[in-house]
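This report goes through the strand arrangement, the aromatic residues and one loop residue of the chain shown here.

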Amino acid sequence: MRREEKAQVIDALAAQLQETPSFYITDIAGLNAEQTSKLRRACFEKQIKLLVVKNTLFRKALERNENEEIKSLYPLLAGPSAIMFCNTPNAPAKLIKEISQDLGKPELKGAYVQECAYIGAETLPVLIDIKSREELIGDIVALLQSPARNVISALQSAGGKLAGIVKTLSERE
């Protein structure tokens, strides 16, 4: 590969990192063509971008990012590596768990999710439990709605009468 081609690959990877800053580093070595096709199809269905790149080129793209957490992932860039990019932070973790039960691969080497580095396959359960932005917003809205729902249900159970409302409010204190 010529130097110009390498620069283009590094630029494309750096652009991908800017677009989707969360990524998973996996090992898919040993999969045959049919298994690799099944993995790629599953990634496509879950809107996960799977790239197989040279470790040195990916490291150079990572070096453009000045985050200290990412530096802890550099030792993982050895041997065959495939990178999974996705906007939903836990989707690749769920896919890895699901597919590896059938195929034995991919194996998680590490991940960079929500500005935190996760190293090793033992972090997979933690990554599966990470909530997306939308899930967190839903939890916050549910927490905010809970007190209002309690007051409304108490008022409705009192029959809407002024005496019942006063009684309900006095019981709250």
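In this predicted model, helix H2, residues 33–45, lies across E2 and E3. The angle between H2 and E2 is about 140°.

**Sheet**

E2 and E3 belong to an open sheet of five strands, whose order is E2-E3-E1-E4-E5 with antiparallel pairing. The edge strands are E2 and E5 (116–119), each of which pairs on one side only. From one strand to the next, the twist averages 20°. As background, strands of a sheet pair through backbone hydrogen bonds, in either a parallel or an antiparallel sense.

Strand E3 covers residues 82–85. Strand E2, residues 49–52, is joined to E3 by four bridges, and the two run antiparallel. E1 and E3 also pair in the antiparallel sense, over four bridges. The table gives residues that face each other across these strands.

| Residue | Partner in E3 |
|---|---|
| Leucine 51 | Isoleucine 83 |
| Valine 52 | Alanine 82 |
| Phenylalanine 23 | Phenylalanine 85 |

In a regular strand, side chains alternate between the two faces of the sheet. Which residues of E3 point to each side, and are they buried or exposed? Ala82 and Met84 are on one side, Ile83 and Phe85 are on the other, and all are buried. Both faces of E3 are thus covered.

**Aromatic residues**

The structure holds three aromatic pairs. One of them is formed by phenylalanine 23 and phenylalanine 58, in an edge-to-face arrangement with 5.4 Å centre to centre and 85° between the planes. Phenylalanine 23 lies in strand E1 and phenylalanine 58 in helix H3 (residues 55–63), so this pair ties together parts that are 35 residues apart in sequence. Phenylalanine 23 counts as buried because its relative accessibility is 0%. Phenylalanine 58 is likewise buried, with a relative accessible area of 1%.

Ring pairs link Phe23 and Phe58 with Phe85 and Tyr112 into a cluster. Two members of this cluster, phenylalanine 23 and phenylalanine 85, are also bridge partners, with phenylalanine 85 in E3.

**Serine 22**

Where does serine 22 lie? Serine 22 is in the loop between helix H1 (3–19) and strand E1 (23–27). Why does serine 22 count as buried? Its relative accessibility is 14%, and the cut-off for buried is under 20%, so serine 22 falls in that class.

Leaving aside neighbours within four places in sequence, serine 22 is in contact with Met84, Phe85, Cys86, Tyr112, Val113 and Gln114. Among these, Phe85 and Tyr112 are also in the ring cluster, and Met84 is one of the buried residues of E3. A polar atom of the serine 22 side chain lies 3.5 Å from the backbone nitrogen of glutamine 114.

**Whole chain**

The chain has eight helices and five strands. Read from the N terminus, its elements run α-β-α-β-α-α-β-α-β-β-α-α-α. Of the 173 residues, 39% are buried. Among contacts with a separation of 6 or more, 74% are between residues 24 or more positions apart. The accessible surface of the chain comes to about 10,900 Å², and carbon and sulfur atoms account for 53% of this surface.

Technical notes:
Residues numbered from 1 in each chain as written. Predicted model: local features only at pLDDT ≥ 70, side-chain atom pairs only at ≥ 80, totals over all residues. Heavy atoms only, no water. Buried < 20%, exposed > 50% of the residue type's maximum accessible area, 1.4 Å probe, protein only. Polar contact = N/O pair within 3.5 Å; in protein donor to acceptor, adjacent residues only side chain to side chain. Contact = heavy atoms within 4.5 Å. Areas by Shrake-Rupley, 256 points an atom, 1.4 Å probe, with all protein chains shown as cover. Phe/Tyr/Trp six-rings, centres within 6.5 Å; stacked < 30°, edge-to-face > 60°. Pairing = 2+ DSSP bridges. Axes fitted to C-alpha atoms, helices over the stretch in contact; angles between N-to-C directions.
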